[in-house]
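The following note sets out points on the fold, the packing and the backbone of the structure shown here. They are numbered for ease of reference.

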Amino acid sequence: MTPLVSDIRILDNLLALNLNVSLWSARCKMSQEDLGGAELPPEDLASLGSKRIADPENLKVFGTLKARVFNYLDRHGVRFMSGWAIPEEKAGEIVQELCNIRNDFQKEKEAFLAGYDQNVQAWIEKHHQWGEIIRNSIVGPDYVRARMDFRWQLYKVSPLAQHTDNTAVLEAGLAEEVQGLGGTLFGEVAKSAEDIWRRVYHGKTEVTHKALSPLRTLHAKLTGLSFVEPHVAPVADIVQAALLRMPKKGNITGTDLLLLQGLVCLLKDSTALVGHAQKVIEGYGPAFVLDALLAGPDSTAAQEDNAMQIDDVVNEDMDDAPILPDIPVADNTLPHPAIPSLGLW
């Protein structure tokens with residue numbers, strides 16, 4: 001696999017975002033008194049579990065909001081240090097969405113706290129035979145309020161250039177974090193593609209245009225982070241070229257669906273994906289990659305026969321992932337097309 005090493009200079013285009021979402025679990029540690037003084041094993045052998053002092057159903061919304069903000073940041077950024085690296089040019093819109101989610105969080109928090117005493121009492125009544133062990137651990141709404149929070153910090157990262165102790169500069173560790181960012185991004189693309197394959201394309205012989213939505217989301221992420229590593233922009237071009245080949249109306253079937261399935265399987269395989277992106281860098285263009293995906297392993301270097309044998313592929317078991325072909329080395333006598341900006345084929 002072509003080595004993926006991000007240059008430290010990409011920090012000029014990135015902001016680091018650290019997210020702090022604190023949730024109250026409504027759990028307290030069980031005590032021996034809760035069990036009526038029953039004889040228990042010593043603490044070095046076993047420990048008691050926990051008890052809930054409020055209905056967990058009333059707290060689910062906060063877990064949903066936390067998942068929502070994580071999902072949003074994963075769609076627009078790449079995991080970096082303790083949070084995410086996001087494109088500086090998109091910081092405004094990203095922070096605006098964080099503000100929207102924070103507003104929803106605060107609204108739900110106030111609603112939960114307003115009904116806190118009633119909810120706890122209802123929980124005690126539901127488990128009336130254990131009501132005393134719940135009462136023994138009840139905390140006030142101010143305690144709960146202090147443990148539910150939604151904050152973030154957005155900051156610029158720069159390497160430590162000089163210090164009185166040169167070891168501090170040499171062992172700062174930031175360069176290694178940045179160098180691995182390209183690999184992290186391709187790993188996230190592969191993980192997303194696995195999910196897209198499982199939810200949308202696995203075993204399908206027909207899909208609607210909704211099936212293009214997760215690919216457009218992935219394309220937007222790649223485009224926003226195209227400066228992270230040289231192979232990212234070519235991958236974005238390949239995805240865009242595939243989307244532009246899709247029909248404007250009607251369900252997606254046949255060759256078009258096979259192309260999308262081949263694309264998703266390519267995105268799942270980081271090694272193959274980087275290899276195909278390298279061909280775009282060398283001048284073959286996204287169309288060459290897509291045609292090779294359709295042609296399969298038997299495609300020729302010049303791809304002289306454009307009449308692809310699709311029927312044989314359609315009759316294969318669609319539950320299996322398509323075999324990703326190796327991109328052949330083209331005849332040196334053939335002209336190499338210029339690398340397109342977005343692959344408009």
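**Points on the structure**

1. The protein chain exposes about 18,600 Å², of which carbon and sulfur atoms supply 50% (Shrake-Rupley accessible area, 1.4 Å probe). The model is a predicted one, in which local features need pLDDT of at least 70 and side-chain atom pairs count only at pLDDT 80 or more, while totals for chains, interfaces and linings use all residues. Residues are numbered from 1 along each chain as its sequence is written, and side-chain values use heavy atoms, with hydrogens and water left out.

2. The protein chain holds 14 helices and eight strands (DSSP runs numbered from the N terminus: H or I of at least four residues for helices, E of at least two for strands). Buried residues (under 20% relative accessible area, 1.4 Å probe, protein chains only) account for 41% of its 345 residues. Among contacts (heavy atoms within 4.5 Å) between residues at least 6 apart in sequence, 80% join residues at least 24 apart.

3. Four strands form an open sheet in the order E4-E5-E1-E6, with antiparallel pairing (at least two DSSP bridges between paired strands). Strands E4 (78–80) and E6 (149–155) stand at the edges with a single partner strand each, so one side of each lacks a neighbour in the sheet. Neighbouring strands are turned by 35° against each other on average, direction ignored (axes are lines fitted to C-alpha atoms).

4. E4 pairs with E5 (residues 83–87) over three bridges in the antiparallel sense; Phe80 has Gly83 in E5 as its bridge partner. Met81 lies in the loop between E4 and E5 and has a positive phi of about 50° although it is not a glycine. Met81 counts as partly exposed (20% to 50%), at 43% relative accessibility.

5. Helix H1 (residues 60–76) lies across E1 (14–22), E4, E5 and E6, and runs at about 170° to E1 (angles run from 0 to 180 degrees between N-to-C directions, with helix axes fitted over the stretch in contact). Helix H8 (residues 181–201) also packs on the sheet, touching E1, E4 and E5, and its direction makes about 135° with that of E4.

6. The largest nonpolar core (buried Ala, Val, Leu, Ile, Met, Phe, Trp, Tyr and Cys joined through side-chain atoms within 4.5 Å) has 56 residues, of which Phe80, Leu181, Tyr201, Leu215 and Leu267 touch the most other members. At least three of its residues come from each of domain 1 (8–156) and domain 2 (179–295), with bounds from an automatic or database domain assignment.
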